[in-house]
Amino acid sequence: MKNNEHLYSSVFLSPFSYLRPSVRTEAYIVLSLLLLQLVMLFVTKSFASVGIVLSSLLASYAVDFINKEKNYRSSFVIMASSIRGLMIGLMLPSGFPPLAVFFVSFSVLFFNKYTLGGFANSWVNPVALTVAVCWFIGTSFFPSFEIPFETLQSKNIALSLIKNGTFPLNSFDVAVTNFLNKRLFAFFGVSIPEGYFSLLWDSHANIPAFRFNLLTLLSSIILLGTDVLPAIIPGVFLLTYGLLVKVALPFFYSGTVFQGDVILALLSSGTLFCTFFMLQWHGTTPFTNRGKTLYGLFAGILAFFILGIGLSPAGYVFIILVTNIFSLFVQSVENHFFKEYTASVLLEQAKAVREGFDA
């Protein structure tokens with residue numbers, strides 16, 4: 001033994017390496033990125049939205065606090081509860097009464113926790129369900145847009161809405177746009193009009209999750225780059241929805257063929273935020289790559305009919321809820337094939353054992 005001591009320089013208690021981050025690590029990353037959205041609300045002095053977020057956070061903590069098993073003492077439960085509460089608050093309009101947010105969030109989350117399975121076992125997204133209930137209770141608080149038919153027929157709907165003031169310009173938009181056009185886009189022989197950077201930086205939407213698209217895009221890069229978020233579902237969804245908006249949508253309002261406004265579709269309705277933070281909630285998605293592809297494809301087609309060109313105040317949460325129901329059927333088919341495959345493997349093993357005994 002003494003002769004071999006020099007062969008071992010160190011000893012590790014955990015000899016395993018993981019292909020993906022642990023659930024706890026995923027929660028840390030997601031929570032950090034959501035807190036950046038909250039920081040932006042403070043930076044932009046959107047204190048009404050901050051109040052909404054605090055109300056939903058308190059409701060989420062309260063549901064876990066009354067748990068008989070006292071799981072609220074677990075740091076992971078606190079993180080999961082924080083993620084849930086932050087998302088609900090970010091998806092609600094700033095004018096929604098904070099007290100109503102608390103009671104609706106508490107009621108729906110309590111029902112979800114003790115009836116539908118809680119954090120990882122629930123087949124429905126609790127955030128989407130809570131926001132949907134808030135929409136039914138207070139539809140008037142969710143902003144709606146009326147777009148003239150002539151605007152729909154324009155080649156660039158987003159630019160028309162920027163010009164008429166639907167999307168206001170930030171004070172630094174002109175300077176940043178000129179800098180990007182001169183220093184970056186000039187090399188490619190293109191330029192971007194004024195207003196697009198404002199739409200990316202802060203669209204001033206009434207719902208916080210719809211506002212900071214650039215921050216959401218950067219967050220998506222982190223989520224995908226750290227393998228917290230598998231790319232199949234968001235990739236298939238965005239490709240399907242984008243292609244349908246680009247190719248098929250103009251036929252519905254006599255617009256320019258193959259000139260649907262994908263930018264408006266992706267930068268409004270909370271499309272980016274919901275795609276990267278809500279569409280793949282734990283326990284609601286299929287297991288196999290084929291199932292996930294079908295899940296993203298179905299959600300993308302559904303988004304085309306529900307969101308259309310975008311500007312929907314709550315359409316995406318209903319897309320998630322319907323897709324969650326669709327996922328149940330996909331998962332049942334997956335389970336059927338898993339059982340058949342397992343049975344065939346066991347049968348082959350049993351056959352091989354019998355042949356071994358016969359030999």
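## Close-up views of an all-helix model

Buried residues account for 44% of the 359 residues in the protein chain. Keep in mind as you look around that this is a predicted model. The chain's secondary structure adds up to 16 helices and zero strands. Take the contacts between residues at least 6 apart in sequence: 77% of them join residues at least 24 apart.

**View 1. The largest nonpolar core has 84 residues.** Leu34, Met87, Met91, Leu223, Phe277 and Met278 are the ones that touch the most other members. Helix α1 (residues 23-43) gives this core its largest share, nine residues. As a bit of background, nonpolar side chains in soluble globular proteins tend to be buried together. Now pick out methionine 87 and see what sits around it. Setting aside its neighbours within four places in sequence, methionine 87 is in contact with Val30, Leu34, Val127, Phe277, Met278 and Trp281.

**View 2. Here α1 meets α2, with axes that come within 8 Å.** The two axes cross at roughly 145 degrees, and α1 passes α2 in a left-handed crossing. Which residues make the contact? From α1 come Leu38, Leu41 and Phe42, while α2 brings Phe47, Ser49, Val50 and Val53. Sort the residues of this contact of α1 with α2 by type and you get six nonpolar, one polar and no charged.

**View 3. Lysine 45 sits in the loop between α1 and α2.** Have a look at its backbone: lysine 45 has a positive phi of about 60 degrees, although it is not a glycine. Is lysine 45 buried or exposed? Lysine 45 counts as exposed because its relative accessible area is 63%, and the cut-off for exposed is over 50%.

**View 4. Serine 49 is part of helix α2 (residues 47-65).** With a relative accessibility of 4%, serine 49 falls under the 20% cut-off, so it counts as buried. Which residues does serine 49 contact, leaving aside its neighbours within four places in sequence? They are Leu41, Ser94 and Pro208. Leu41 should ring a bell, as it is one of the α1 residues in the contact with α2.

**View 5. Leucine 92 is in the loop between α3 (75-90) and α4 (98-116).** A loop residue can still be hidden, and here is one: leucine 92 is buried, with a relative accessible area of 0%. Not counting its neighbours within four places in sequence, leucine 92 is in contact with Ile52, Val101, Val131, Cys134, Phe142, Asn206, Ile207 and Pro208. Pro208 is also a contact of serine 49. How many residues apart in sequence are leucine 92 and serine 49? They are 43 residues apart, and 8.1 Å apart in space from C-alpha to C-alpha.

**View 6. Cysteine 134 and cysteine 274 are two cysteines to look up next.** Cysteine 134, one of the contacts of leucine 92, is buried at 0% relative accessibility. Cysteine 274 is buried too, with a relative accessible area of 0%. How many disulfides are there? The count comes to zero.

**View 7. Leucine 215 lies in helix α11 (residues 213-225).** Its relative accessible area is 19%, which is under the 20% cut-off, so leucine 215 counts as buried. Not counting residues up to four places away in sequence, leucine 215 touches Leu36, Gln37 and Met40. Leucine 215 and leucine 34 are 181 residues apart along the chain, yet their C-alpha atoms are separated by 9.9 Å. You have met Leu34 already, as a member of the largest nonpolar core.

**View 8. Helix α12 (residues 232-247) crosses helix α15 (residues 289-306) at roughly 35 degrees.** Their axes come within 7 Å, and α12 passes α15 in a right-handed crossing. On the α12 side, the contact residues include Ile232, Val236, Phe237 and Tyr241. Among those they meet on the α15 side are Lys292, Tyr295, Leu297 and Phe304. In all, the residues of the contact of α12 with α15 divide into 13 nonpolar, five polar and one charged.

**View 9. Leucine 311 is in the loop between α15 and α16 (315-358).** Leucine 311 has a positive phi of about 65 degrees even though it is not a glycine. Is leucine 311 buried or exposed? Leucine 311 is buried, with a relative accessible area of 10%. Compare lysine 45, which also has a positive phi but is exposed.

Technical notes: Residues are numbered from 1 along each chain as its sequence is written. This is a predicted model: local features need pLDDT of at least 70, side-chain atom pairs count only at pLDDT 80 or more; totals for chains, interfaces and linings use all residues. Side-chain values use heavy atoms; hydrogens and water are left out. Axes are lines fitted to C-alpha atoms, for helices over the stretch in contact, and angles run from 0 to 180 degrees between N-to-C directions. Helices (H or I, at least four residues) and strands (E, at least two) are DSSP runs, numbered from the N terminus. A crossing is left-handed if the near helix is turned anticlockwise from the far one by less than a right angle, and right-handed if clockwise. Contact means heavy atoms within 4.5 Å. Ala, Val, Leu, Ile, Met, Phe, Trp, Tyr, Cys and Pro count as nonpolar, Asp, Glu, Lys and Arg as charged, and the others, Gly among them, as polar. A disulfide is a pair of cysteine sulfur atoms within 2.5 Å. Buried means under 20% relative accessible area, exposed over 50%, partly exposed in between (1.4 Å probe, protein chains only). A nonpolar core is a set of buried Ala, Val, Leu, Ile, Met, Phe, Trp, Tyr and Cys residues joined through side-chain atoms within 4.5 Å.
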